[in-house]
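User: I'm new to this structure and would like a close look at a single part, the largest pocket. Could you walk me through that part and what surrounds it?

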Amino acid sequence: MGILFEDGNFALFRDGFLQTVELSVLSAVFAMLLGTLLAAFRVSPVPALRAFGTTWVTIFRNTPLTLLFFAVEFGLPALGVHLGHLTFAVLALSTYTSSFVCEVLRSGINTVPLGQAEAARSLGMTFGQTLRLVVLPQAGRTVLPPLSSVFIALPRNSAIAGAFSVNELFHVQQTLSELGYSIFAIFFWVALAYLAISAAVNLLFRTLENVLAVAR
């Protein structure tokens, strides 16, 4: 269990941990933004936007994340798009996660009584204003528990990035394994790190639930 404090391993593990946190936070932010936009498309009165949102969700929810990483890491450079490995990983993770965020938000939007949207329109509000000022604030409260599950899974999904030259926790595990350290000791510390990240995400959403519950 003392491998963390041998031969500079702590610095290696620390950098991998911070890279995992950075990758998870960036992917979560972009997934939330993109997922919200897609949810708006899914409930839009414009057929083309609804079709686009449905197609996006259908494709990316049913595409294995590893395959999506391959497509981004090797497909985009073949098309002349050259970015860093971290950027490619954020793109793959946020694209994949956005489809789940979209469906969670759409389910929350469907819980808001239709009469509220109709009342907003009768006051002259546009679709965008109705969604932003009336529907989403109410839907947001109801979807926090399922949304927390999506973002708790995100750091664990980021482990795939380690196989594509991103120096996160899984990549650290591979490096330490190649150096001959005990696989059980390595997985103990890696699992502990993922547990800490998941606990932090869970605490964040529990806090949001309590704050929004007071505001009701």
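Analyst: Let's start with how far to trust the picture. This is a predicted model, and its confidence is lowest in helix α5 (residues 114-122), where the mean pLDDT is 79. At the other end of the scale sits helix α2 (residues 47-61), which has the highest mean, 93. Taken over the whole chain, the mean pLDDT is 87, and 96% of the residues reach 70 or more. One habit is worth keeping in mind: where pLDDT is low, the predicted coordinates shouldn't be read in detail.

Next, a quick orientation. The chain has eight helices and zero strands, so reading along the sequence you simply get α-α-α-α-α-α-α-α. Its C-alpha atoms fill a box of roughly 70 × 45 × 20 Å along the principal axes. There are 216 residues, and 40% of them count as buried. If you take the contacts between residues at least 6 apart in sequence, 76% join residues that are at least 24 apart.

Now to the pocket itself. Rolling a probe the size of a water molecule over the atoms shows where empty space is left. The largest pocket has a volume of about 480 Å³. It is lined by 24 residues, and the closest to its centre are A28, F151, V201, L204 and F205. If you want to find those walls in the viewer, look at α1 (9-42), α6 (127-157) and α8 (183-215), each of which supplies at least two residues of the lining. Helix α6 gives the largest share, nine residues. As for chemistry, the lining of this pocket divides into 21 nonpolar residues, three polar ones and no charged ones.

F151 is a good residue to zoom in on. Besides being among the residues closest to the centre of the largest pocket, F151 is one of the residues with the most contacts inside the largest nonpolar core, alongside L23 and F69. That core has 40 residues. Helices α1, α2, α3 (65-78), α4, α6 and α8 each supply at least two residues of it, and α4 gives the most, with eleven. Leaving out residues up to four places away in sequence, F151 touches A28, M32, T97, V101, V201 and F205. Among those partners, A28, V201 and F205 also belong to the group closest to the pocket centre. There is a second, separate core as well, made of 13 residues, including I3, V172, A185 and I186.

Helix α1, one of the pocket's suppliers, deserves a look of its own. S27 sits in α1, and S27 counts as buried because its relative accessibility is 0%. Not counting residues up to four places away in sequence, S27 touches A89, V90, L93, S94 and L154. L26 lies in helix α1 too, but L26 is partly exposed, with a relative accessible area of 32%. Between L26 and L68 there are 17 Å in space, C-alpha to C-alpha, and 42 residues in sequence. A11 is another residue of α1, and at 29% relative accessibility A11 counts as partly exposed. The C-alpha atoms of A11 and V150 are separated by 30 Å, with the two residues 139 apart along the chain.

For comparison, here is the other pocket. The second largest pocket holds about 250 Å³ of space. Of the 13 residues that line it, the closest to its centre are V43, I109, L114, A117 and V135. Helices α4 (85-111), α5 and α6 each give two or more residues to that lining. By class, the lining of the second largest pocket has nine nonpolar residues, three polar and one charged. Remember that α5 is where confidence in the chain is lowest.

One last stop lies in a loop. Most residues other than glycine have a negative phi. S165 is not a glycine, yet S165 has a positive phi of about 70°. You'll find S165 in the loop between α6 and α7 (169-178).

To put the main part together: the largest pocket draws on α1, α6 and α8 for its lining, with 21 nonpolar residues in that lining and F151 among those closest to the centre.

How values were computed
Residues numbered from 1 in each chain as written. Predicted model: local features only at pLDDT ≥ 70, side-chain atom pairs only at ≥ 80, totals over all residues. Heavy atoms only, no water. pLDDT = per-residue confidence, 0-100. Helix = DSSP H or I, 4+ residues; strand = E, 2+ residues; numbered from the N terminus. 1 Å grid on protein atoms, 1.4 Å probe; cavity = no way out; pocket = protein on both sides within 12 Å on 5 of 7 lines; lining within 4 Å. Points joined across faces, edges and corners; volume = space filled by probe spheres on them. Nonpolar A, V, L, I, M, F, W, Y, C, P; charged D, E, K, R; others polar. Buried < 20%, exposed > 50% of the residue type's maximum accessible area, 1.4 Å probe, protein only. Contact = heavy atoms within 4.5 Å. Core = buried A, V, L, I, M, F, W, Y, C linked by side-chain atoms within 4.5 Å.
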